[in-house]
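Here is a set of short exercises to work through with the structure open beside you. Try each task yourself before you read its solution.

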Amino acid sequence: MSAITCTSLTKTLDKNSVVDDITFEVEEGTIAGILGEDGAGKTTLLKLITGLLKPTSGTCTLFDADVTRNPAKALKGVGCMVGEPAFYQDLTAQKNLELFAALFQTGPDEVIDLLDITFPSTKVRYLSSTMKKLLGIAAALLGEPRLLILDEPLALTPSFRDHVKNLLKEQKEKGNTVLVTTCIPADLKELASYGVVIREGKPVSQGAIKNLDLKGVNP
Amino acid sequence: MNVYRVMRFETSKLFRQKAAHAGLIVVFLVCCMYSVINWMTRPVGSYSGIMIITDNISLQNSLLILPFLAVLIAATSICVEQSSGTLRTLFTRPVKRDNVITGKFLAIFLYMCLIVYGIALISFLFAIRWGFPEDFISFIPRLLLICLVYILINMVVVAFTFVVASQTTSIALTALASIGFYVISMLVEFFSQVQTYTFLNNAQTLLQMLLGGPFELRSAYFSVGIIFIYIVGLLLIASLLWEKRDIMS
């Protein structure tokens, strides 16, 4: 069964195609990646997949539920971090996680341990971008999702990269599906079994990682 | 995720906001100042305890303190959250957008209840100086309803703020448009051709009835109906606009 099915997904903003005719499928229980340089349209594509943006044309389904028609239903069992992680600045990391965890009628302790978050009592406004990213991944893991959609989860300081990579592999081993975006081909090769390379919103190569054409993407 | 869970989320967030705390302090300070001035200038016997309570709430509404506070809180909960990206974080959870709008509305309703009933309580403590009529106990339900009418007036403005906020991320523009809506509603009230259908005129009708004027059940139902049509209608429009909106930030 496909966890994500995008069919001819297109988004036009001010007459410019920011995502142009992208079609791909992500099988359940795998890690897939979207590779592209800054401004290629990776975050916009994730916004379309999560229903934040309405597509100009095309469709996207998550576990057979149409995101465009019913985003709330489609996002059930889906954990997302799209764009730069955004939290309530005046609240601590723990309070932010408690707030979002309450939506799922659960607590934040499990994800705090999982991500090894050592700054629970620090206000979000004082966190570094790496810490915010970890908090974003932790928030996405709330409610034990079976599909994780993460925007640049490895844009971290080196000491945390391996930890997050291991966490994503563990998710796959549990049978969950992961979709990540990255601008580093090596990360995609290491983690994913399927990839889509996009440039200026257009898919330039897609398929199994070993067959992917990475020409033109910075190593 | 149902409205109740979103409302709890929004309420726990709202009651931790500095703007909400500042609003409470300002309103309660104005309430205390007005009561102290009355204490100093009106000797016992020249004023009724009930009047100081109703005058205090009415004054805060007439000076636009309550409407401005309601608009500020509503605009902050949408515009600031939108530009900071926290609304995006919320919309990527499995929650319907209209539930988010309703949850935010109910959280602000609880906040306005705290404000208005808080004013009533503080005024009540000051009002003991002037004493209350013998039938005060039987007047308490009416007093609570008077407070509720003032809350509903402000909730109409909150619902309008949600409509404006669906079209812009500017907090200044949203606040100006919403206060403008309230002021225009006050002006329209003077035109007899349309005043029957303005929410402010119907609120005034209810207030007059509750303050001891002739009580007509049919007229009361009509006024309550009009106010609820405004609230529900504006919330529906806001939900529809939010449903179609792209979340860019």
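The exercises below concern a predicted model, and each task is followed by a worked solution.

**Exercise 1. The fold of chain A**

Task: Find how many helices and strands chain A has, and decide how its radius of gyration stands against that of a compact globule with 219 residues.

Solution:
- Step 1. Begin with the secondary structure: chain A has 7 helices and 10 strands.
- Step 2. Next, look at the extent of the C-alpha trace, which spans about 45 × 40 × 35 Å along the principal axes of chain A.
- Step 3. Now compare with the globule rule. A compact globule with 219 residues would have a radius of gyration near 17 Å, and chain A agrees because its own value is 17 Å.
- Step 4. Turn to burial: 55% of the 219 residues in chain A are buried.
- Step 5. Finally, check how the contacts are spread along the sequence. Of those in chain A between residues at least 6 apart, 65% join residues at least 24 apart.

**Exercise 2. A residue inside chain A**

Task: Determine whether Leu168(A) is buried or exposed, and list the residues that Leu168(A) touches beyond four places away in sequence.

Solution:
- Step 1. Locate the residue: Leu168(A) sits in helix α6 of chain A.
- Step 2. Apply the cut-off for burial, which is under 20% relative accessible area. Leu168(A) has 0%, so Leu168(A) is buried.
- Step 3. Leave out residues up to four places away in sequence, and the contacts of Leu168(A) are Ile31(A), Leu150(A), Pro153(A), Val178(A), Val180(A) and Leu191(A).
- Step 4. For a contrast in distance, take Ile22(A): its C-alpha is 25 Å from that of Leu168(A), with their places 146 residues apart in sequence.

**Exercise 3. Two salt bridges in chain A**

Task: Take the salt bridges Lys95(A) with Glu98(A) and Lys165(A) with Asp187(A), and work out where each pair lies.

Solution:
- Step 1. Recall the principle: side chains of opposite charge can pair when their charged atoms come close.
- Step 2. In the pair Lys95(A) and Glu98(A), the closest N and O atoms are 3.6 Å apart. Both residues belong to helix α3 (residues 93–103) of chain A and are 3 residues apart, about one turn of the helix.
- Step 3. Check their accessibility. Lys95(A) counts as partly exposed because its relative accessibility is 33%, and Glu98(A) is partly exposed at 30%.
- Step 4. In the pair Lys165(A) and Asp187(A), the N to O distance is 3.4 Å. This pair links distant parts of the chain, 22 residues apart: Lys165(A) is in helix α6 (residues 158–173) and Asp187(A) is in helix α7 (residues 185–191) of chain A.
- Step 5. Both Lys165(A) and Asp187(A) are buried. They also belong to a network of salt bridges with Arg161(A), Lys169(A) and Glu190(A).

**Exercise 4. A buried lysine in chain B**

Task: Identify the salt-bridge partner of Lys104(B) and the side chain with which Lys104(B) makes a polar contact.

Solution:
- Step 1. Place the residue: Lys104(B) lies in helix α6 of chain B, and its relative accessible area of 1% is why Lys104(B) counts as buried.
- Step 2. Find the salt bridge. The side chain of Lys104(B) meets that of Glu81(B) at 3.4 Å, N to O. Glu81(B) is in helix α4 and Lys104(B) in helix α6 (residues 97–127), so the pair ties together parts 23 residues apart in sequence.
- Step 3. Check the partner: Glu81(B) is buried as well, at 4% relative accessible area.
- Step 4. Add the polar contact, which joins the side chains of Lys104(B) and Glu10(B) at 3.2 Å.
- Step 5. Look at the other residues touched by Lys104(B), among them Lys13(B), Ser77(B), Leu87(B) and Phe162(B).

**Exercise 5. Where the chains meet**

Task: Describe the contact between chain B and chain A by its residues, its buried area and its salt bridge.

Solution:
- Step 1. Count the residues: chain B gives 29 and chain A gives 29.
- Step 2. Take the buried area, about 2600 Å², with 62% from carbon and sulfur atoms. On the side of chain B, Arg88(B), Thr92(B) and Arg93(B) lose the most area to chain A, together 22% of what that side buries.
- Step 3. Count the polar links: there are 14 residue pairs in polar contact and 1 salt bridge. That salt bridge joins Asp246(B) and Lys11(A) at 2.6 Å, N to O.
- Step 4. Sort the residues of chain B that touch chain A, and you get 9 nonpolar, 7 polar and 13 charged.

Methods:
Residues numbered from 1 in each chain as written. Chains lettered and ligands numbered in written order. Predicted model: local features only at pLDDT ≥ 70, side-chain atom pairs only at ≥ 80, totals over all residues. Heavy atoms only, no water. Contact = heavy atoms within 4.5 Å. Buried area = accessible area lost by both parts, 1.4 Å probe. Salt bridge = Lys/Arg side-chain N within 4 Å of Asp/Glu carboxyl O. Polar contact = N/O pair within 3.5 Å; in protein donor to acceptor, adjacent residues only side chain to side chain. Nonpolar A, V, L, I, M, F, W, Y, C, P; charged D, E, K, R; others polar. Helix = DSSP H or I, 4+ residues; strand = E, 2+ residues; numbered from the N terminus. Rg over C-alpha atoms; globule rule 2.2 N^0.38 Å. Buried < 20%, exposed > 50% of the residue type's maximum accessible area, 1.4 Å probe, protein only.
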